[in-house]
Amino acid sequence: MIARRLLAPAPGWVRQADIVVVGSGVAGVTAALSAHDALPEKNILLVTKSLLDDGSTRWAQGGIAAALGPGDTPEQHLADTLTAGAGICDVDAVRALVTDGPGAVRRLIALGARFDADAGGVLELTREGGHLRRRIAHAGGDATGAEISRALLRALAEAGAGADEGVGIDVIEHAMSLDLLLTSDSRVAGITLHVIGEGQQDGVGAVHAPAVVLATGGFGHVYSATTNPPVSTGDGVALAMRAGAEVADLEFVQFHPTVLWLGAGATGRQPLISEAVRGEGAFLVDASGRRFMTGRHPLADLAPRDVVAKAIMSAMAQTGTDHVYLDATHLGSAVWDHRFPTIRASCLAHGIDPVRELIPVVPAAHYASGGVKTDLRGRTKVGGLYACGEAACTGVHGANRLASNSLLEGLVFAERIAAHLADGLPSASPPGPDERPPGLLDPATAEQIQQLMTERAGVLRSGPGLTAAADALRKIADLQSAKPSLAAWEATNLHLLASALAATAAIRTETRGSHWREDYPDSSPQWVGHLVATLAPVVDQDQAADDGLSIRFAQPLSDRRGRSDG
Ligand SMILES: Cc1cc2nc3c(=O)[nH]c(=O)nc-3n(C[C@H](O)[C@H](O)[C@H](O)COP(=O)(O)OP(=O)(O)OC[C@H]3O[C@@H](n4cnc5c(N)ncnc54)[C@H](O)[C@@H]3O)c2cc1C
C-alpha cells in the first residue's frame, strides 16, 4: 500500500520562515531572488539537498529558448511548443511562457548571465529540433546551464545569503526536505528537513512557514540510466502527493536518444551528447555500421527525440546489442572545440575522442514533462504550496517538451509565484495533529524499482509490461525499512512516483508524444487531455487494494486570452 503521508521522526529543532523554497536550480533560486525583490522585509529560507549547484540546471547544454531574435515572435514560439506537445499543452500556460519568456531572459542577462554573442553584443541564437526559428540562447558553446547557475548563485550570494535567521534569504545546504507539515484544515504549515551539518540545525527538524515553493527538479532516477544528477529522485513531487496535491502527465517522460554508453549495466547519471551534435551533421549507425535513421523519418537523424529513441531501441534489438554509435568524426576538431568543448571533454574523460572515434550511445531518461499540477501562478491544490521548474506540471509541455523550453519554464513560473506572493502571503497557522502511518521502504528497493521501470515502463511500453510493473511495485511496497535514512526516503519517493507513472501509463491506451505504447501505436482522440493523480486519504487499511491512487482525466485548458489572473 502507498502511504498518503509518512511518519517523520519527531523534529529535534524548529525554526520559522515566511517562505521556504526547496531546491537551488534555476527555478528555486529564481523564486527566492524574485520573492526577496518583491518582499525584502520577509525571511526566505532556501534549502537544498546537496550543494547549491548539484541539480540538473548546471548540466543543461543546448540553451534557453525565447523569442529574442529578429522576426521571431512569442506567437511563433507558442505554435512550435504546441506542435511538440502533441495536442495536450495548456495553451494559457504556453502563452504565459512565451510572452513572459523574453523579459525573463533579459532579466537573467541583467543579473550577470553571459550568453554567447557577437562582437557587437548581439546574441548568437541557434535552432534545435522543433523550433522553426533561431531562438536558443546559449553560453560557453554547450555550457548554458553552468553559466545560468553561476549567475544566479552569485546573485544569491550578493542578496546576502547566509546562515542567519532574520530578514532576507537564508540558505541551508545538505538539507533534504522529507514531508510537508499541514494545518488542521490541510493547508501548508511548513516542512520537515533532514540536515547534515554542524550546529543547532542538524538532524531532523521542522521549519514552520505559511508558504512552501517546491523546486526540486525531475525524477530521472526512477530509471536505471538517466542524464539527471543523483539529487533527481522526485522528492518534491512525492511529498506534494503525500500532502494531498495533484500530479499530472507523469507518463510523459522524455528519453534522450543519445547518452554516452558507459558499459553494460551502467547505472546512475550518464553524460549527454546534445542533439546539437546531430544538428551539426553527426549521424547514428548500428553495430554493423548501417545508418538506420535514413528513410525512417523525413528529418532522418534530426527526427523528434522520441522517434530517434524508439529507432535506437529497434536497431539494438535487431543487432542484439545494448548500444548504437554516433559518428561525428567528420566535424573535425575545430567544430568540436568551438561548439562542443564540454561534450568532447566528457567523452575524453571516458576514453573516447569523438574527433577520431565513434561515440557509443544509448537512450536514457532525461526530462519529466509531468509533476505537481499548478495553475498559472504556480499554486497547487494544497493552500500555501507552490511548485515550479521540472517538479511542476504547468501544462506547458503537454506530451513532449520542446527542446530548451525547460530552463525558460523554471525562470518564468518562479517569477510568477513571487509576483503572486507579493500580493499577500497566506496566513500562518501551526501544524495540526499528525496521524501519519509509517512506511519508509528499504533503500535496497531503489535499484529494483529502477530496473523494473527501465524494463517495463521505459522507452517502449505495453499493457502486459505495465501490469507486471504495477504488480511488482505492489510487492516492493511491503519491504519496509525499520530505520529512517535519507536513502530510505529517496527509495520511498521513487516508489510512489514509479507507481503513479506505471498506473497512468497503463491507463493511457494510445501513443502520444513521449509515451509509446507498442500495443496502441496510434494517438486516440479519446485521450486528448491529462491524467491527474492523487493519493486518496488512507481511511483504513482495507484501501490497500487500489494502491491509494486515484486518477482522473482532465481536458487541456483552452486559450482564454486576456483573462485577468494570467
Ligand atoms: C544533461 C541535461 C541537459 C539539459 N539540457 C537542457 C537545455 O539545453 N535546455 C533546457 O531548457 N533544459 C535542459 N535540461 C533540462 C533542465 O536542465 C532542467 O529541466 C532544469 O534545469 C530544471 O531546473 P529546476 O530548478 O526545476 O531543477 P534542478 O536544477 O534539478 O534543481 C533541483 C534542486 O532541488 C534540490 N532537491 C531535490 N530534492 C530535494 C529535497 N528533498 N530537499 C531539498 N532539496 C531538494 C536539488 O538538490 C536541486 O538543488 C537538461 C537537463 C539535463 C539533465
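What follows is a chat about a predicted model, covering one helix, two sheets and a ligand site.

Visitor: Let's start with helix α13. Which residues does it cover, and what is its span?

Guide: Helix α13 takes in residues 486–507, 22 residues in all. From its first C-alpha to its last it reaches 32 Å, close to the 32 Å expected at 1.5 Å a residue.

Visitor: How many of the residues of α13 are buried?

Guide: 16 of the 22 are buried, so α13 is largely enclosed by the rest of the structure.

Visitor: Ok, on to the sheet with β1 in it. What is the strand order?

Guide: The order is β1-β9-β8-β7. These four strands make an open sheet with mixed pairing.

Visitor: And which strands stand at the edges?

Guide: β1 (13–16) and β7 (175–182) do. Each has a single partner strand, so one side of each is left without a neighbour in the sheet. From one strand to the next, the twist averages 25 degrees.

Visitor: How many bridges join β7 to β8?

Guide: Seven, and the two strands run antiparallel; β8 is residues 188–195. One residue pair to look up is S177 with its bridge partner in β8, L193.

Visitor: Where does α13 touch that sheet?

Guide: At β7 and β8, where α13 packs on the sheet. The direction of α13 makes about 60 degrees with that of β7.

Visitor: Now the sheet with β20. What's the order there?

Guide: β20-β18-β12-β21-β22, five strands in an open sheet, again with mixed pairing. At its edges stand β20 (392–393) and β22 (549–554). Each of those has a single partner strand, so one side of each lacks a neighbour in the sheet.

Visitor: How do β12 and β18 run, parallel or antiparallel?

Guide: Antiparallel, with two bridges joining β12 (residues 247–248) to β18 (residues 371–373). A248 stands opposite G371 in β18.

Visitor: Which strands does α13 lie across here?

Guide: β21 (530–535) and β22. α13 runs at about 45 degrees to β22.

Visitor: Switching to the ligand. Which residues come nearest?

Guide: T57, G63, D235, E390 and S406, out of 36 residues around the ligand.

Visitor: What about G62, how far is its backbone from the ligand?

Guide: A backbone N or O atom of G62 lies 2.8 Å from an oxygen atom of the ligand.

Visitor: And what are the distances for A215 and S404?

Guide: For A215, a polar backbone atom is 3.4 Å from a ligand oxygen atom. For S404, a polar backbone atom is 3.5 Å from an oxygen atom of the ligand.

How values were computed
Residues are numbered from 1 along each chain as its sequence is written. This is a predicted model: local features need pLDDT of at least 70, side-chain atom pairs count only at pLDDT 80 or more; totals for chains, interfaces and linings use all residues. Side-chain values use heavy atoms; hydrogens and water are left out. The expected span of a helix is 1.5 Å times one less than its number of residues. Buried means under 20% relative accessible area, exposed over 50%, partly exposed in between (1.4 Å probe, protein chains only). Two strands pair if DSSP finds at least two bridges between them. Axes are lines fitted to C-alpha atoms, for helices over the stretch in contact, and angles run from 0 to 180 degrees between N-to-C directions. Contact means heavy atoms within 4.5 Å. A residue is near a molecule or strand if one of its heavy atoms lies within 4 Å of it. A polar contact is a pair of N or O atoms within 3.5 Å; within protein, one must be able to donate a hydrogen and the other to accept it, and residues adjacent in sequence count only if both atoms are side-chain atoms.
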